[in-house]
Amino acid sequence: MAEKKRVKKRNRRNIVRFPGGIQMNLGTALFLAVACYIAFHTYHYFTESHISSYEVEQGTIEVNTSYTGLILRKETVVTAEHSGNLDYYLKDNTKAANGTLICSIDENGNVSGRLNGAADKTAVLTEDNLSDIQGSIRDYVKSYQDQSYSATYNFKTDLSGRLMEAMNLGALHAISDYTDYAKDNQTFHLYRAGEPGIVAYYTDGFENVTTETVTMDFFDHSSYKKSSIKTSDTVESGQPVYKLITSEEWQIVVPIDSQMKVTLEEEGSIQIRFKEDHATAWADYKTGNKDGQNYLVLTLHNSMIRYAYERFIDINILLDQQTGLKIPNSSITSKTFELVPDKYFTKESAGADKSIQDGLWVEHLQEDGSYADAIFVPTTVYYKEEEEKMSYISQEGIRRGDRIVLPNSKDQFEVSRTAKLKGVYNINKGYAVFRQIEEIFSSNHYTIVKAGTEYGIMLYDHIALDGNAVTEGQMINL
């Protein structure tokens with residue numbers, strides 16, 4: 001019995017008792033603190049709005065605007081005075097001096113038949129003809145590019161025209177005796193240029209259009225029709241036989257919007273680029289308005305022969321490159337401000353640190369219509385209108401109906417005028433501050449603004465990418 005009691009006592013001594021409840025040590029506490037910190041900031045991150053920023057940079061936008069213009073020239077359509085067979089001696093789109101032989105009409109067809117026969121029998125080119133054609137071939141070979149394969153067809157057409165001109169003139173000379181006889185019998189008629197000009201063999205009904213008679217209907221390409229004159233070997237009296245462009249001065253009329261009209265308000269000169277061949281030229285210009293549509297009239301004094309066969313032409317208007325601070329258009333917003341005269345601003349000590357600050361003495365309008373005693377309100381100026389001597393101030397501290405007073409004076413001003421400024425929100429310090437901008441030029445995505453303005457932005461400033469998603473003083477969680 002005694003032995004059993006001794007065993008029970010030993011067993012009780014071997015039992016290890018543990019304290020009840022959760023034991024908190026330093027590691028556990030640190031883990032829980034970190035977990036709470038992460039959870040709080042995760043919640044804060046997903047519930048707070050995030051503002052993307054943009055760093056202001058120096059930039060350039062080339063003002064390069066595309067338009068389709070209507071070409072106007074001084075053009076005269078020459079019609080046939082007789083009916084008969086028609087033969088040409090000058091290729092299309094060629095300069096003709098006064099008296100240059102262009103075509104002939106044979107009323108009975110005898111001379112025309114002899115001409116074709118003579119051209120086949122005496123297909124011999126003179127040295128001048130050969131030299132001219134060889135020069136054209138050399139120029140084409142030198143300028144040939146695989147990317148401009150279409151130029152091959154233009155060259156083929158030009159060369160065929162030169163050969164036709166040379167051979168027909170040679171044939172006409174070969175049967176000169178017979179042609180003299182036909183002319184004497186008034187059945188063979190030569191048509192010569194009545195004045196210097198460029199010969200073209202097409203009509204389109206625009207020959208008599210001027211800058212004063214242009215309407216938007218003329219720019220409807222679907223109704224435009226160009227008719228070739230050289231579609232038949234015969235002609236009826238009264239039908240066109242050729243067209244003569246008699247002046248090197250020509251115009252391009254371009255419909256423009258109001259923004260471009262303002263940009264080109266003053267008359268002057270401007271450079272343009274032709275999309276067809278990338279050639280550039282300087283043109284005098286003026287703007288006008290007709291039936292509510294703005295037009296730009298470009299006047300050129302050379303290079304007309306290059307585009308004598310065109311009525312519509314695609315061009316780029318090359319304005320100056322605009323350089324300044326480049327910002328995205330999405331950053332630009334507007335804000336309404338109160339306007340107060342500059343003379344009411346004074347300097348007083350204010351704030352917890354009693355620092356000297358610019359501000360206004362304000363009598364706030366009460367609900368009962370009375371005014372409270374004047375207090376000094378530190379005021380930020382966002383822009384100054386120099387001509388009117390007015391300052392733009394934020395609406396937060398001073399509102400419409402409040403009265404501004406000038407110390408030691410009876411002068412007072414009731415705040416009643418508001419105006420909007422265009423600008424961006426600067427977020428350099430972690431909160432949004434409106435900054436006024438002065439636009440120089442704007443494209444589809446970016447705007448160039450003036451640098452160095454007193455109330456504007458500076459190079460490398462950080463601004464809100466979405467200006468409409470920010471308010472004045474908002475804390476920014478970047």
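Analyst: Two strands pair if DSSP finds at least two bridges between them. Keep that in mind as we go through this structure, which is a predicted model.

User: Okay, let's start with hairpins. In the hairpin of β14 and β15, which residue takes a positive phi?

Analyst: Strand β14 covers residues 268–274 and β15 covers residues 280–290, and six bridges join the two in an antiparallel arrangement. One of the facing couples is Arg 273 with Thr 280 of β15. The hairpin leaves five residues between the strands, and the one with a positive phi, near 65 degrees, is His 278.

User: And β15 goes on to β16. How many residues sit between the strands of that hairpin?

Analyst: β15 and β16 also run antiparallel, this time over seven bridges. Asn 289 faces Asn 294 in β16. Asp 291 takes a positive phi near 55 degrees in this hairpin, and the number of residues between the strands is two.

User: There's an open sheet of four strands too. What is the order of its strands?

Analyst: The edge strands, each pairing on one side only, are β3 (75–79) and β5 (94–96). Within the sheet, β8 (residues 197–200) and β12 (residues 240–245) are joined by three bridges, with Val 199 opposite Leu 244 in β12. The pairing is antiparallel, and the order reads β3-β12-β8-β5.

User: How much is the twist from one strand to the next there?

Analyst: The strands in question are the four of that open sheet. Going from one strand to the next, the twist averages 35 degrees.

User: Let's move to β20. Which residue in β24 is the bridge partner of Glu 363?

Analyst: β20 pairs with several strands: five bridges to β19 (residues 346–350), four to β21 (residues 375–378) and three to β24 (residues 403–405). Glu 363 is found in β20, so the β24 pairing is the one to check, where its bridge partner is Arg 403.

User: Is Glu 363 buried or exposed?

Analyst: Glu 363 touches residues including Tyr 371, Asp 373, Asp 402 and Arg 403. Its relative accessible area is 16%. Since the cut-off for that label is under 20%, Glu 363 counts as buried.

User: Arg 403 keeps coming up. Which ring does Arg 403 lie over?

Analyst: Arg 403 is the bridge partner of Glu 363, and Glu 363 also touches Tyr 371. Arg 403 sits 3.8 Å from a ring centre, over the face of Tyr 371.

User: What about the inside? How many residues does the largest nonpolar core have?

Analyst: β18 (333–341), β20 (355–363), β22 (381–385), β23 (390–393) and β26 (418–426) each supply at least two residues of it. Val 340, Leu 360 and Ile 404 are among those with the most contacts inside it. Ile 404 touches residues including Val 340, Leu 360 and Ile 398. The size of this core is 29 residues.

User: Another core lies apart from it. How many residues does that one have?

Analyst: Among its members are Ala 279, Tyr 285, Ala 308 and Leu 319. The count for this other core is 27 residues.

User: On to the rings. How far apart are Tyr 202 and Tyr 309, centre to centre?

Analyst: In sequence, Tyr 202 in β9 and Tyr 309 in the loop between β16 and β17 are 107 residues apart. Their planes are 65 degrees apart, which makes the pair edge-to-face because the cut-off for that label is over 60. Centre to centre, the distance is 4.8 Å.

User: Which of the two, Tyr 202 or Tyr 309, is buried?

Analyst: Tyr 309 has 33% relative accessibility, so it counts as partly exposed. Tyr 202 comes in at 0%. The buried one is therefore Tyr 202.

User: Last one: how far apart in space are Gly 69 and Leu 296?

Analyst: Gly 69 lies in strand β2 (residues 57–72) and counts as buried because its relative accessibility is 0%. It touches Phe 219, Ile 252 and Arg 311, among others. Gly 69 and Leu 296 are 227 residues apart in sequence, but C-alpha to C-alpha the distance in space is 9.2 Å.

How values were computed
Residues numbered from 1 in each chain as written. Predicted model: local features only at pLDDT ≥ 70, side-chain atom pairs only at ≥ 80, totals over all residues. Heavy atoms only, no water. Axes fitted to C-alpha atoms, helices over the stretch in contact; angles between N-to-C directions. Phe/Tyr/Trp six-rings, centres within 6.5 Å; stacked < 30°, edge-to-face > 60°. Buried < 20%, exposed > 50% of the residue type's maximum accessible area, 1.4 Å probe, protein only. Lys NZ or Arg CZ within 6 Å of the ring centre and 35° of its normal. Core = buried A, V, L, I, M, F, W, Y, C linked by side-chain atoms within 4.5 Å. Contact = heavy atoms within 4.5 Å. Lists of a residue's contacts leave out its neighbours within four places in sequence.
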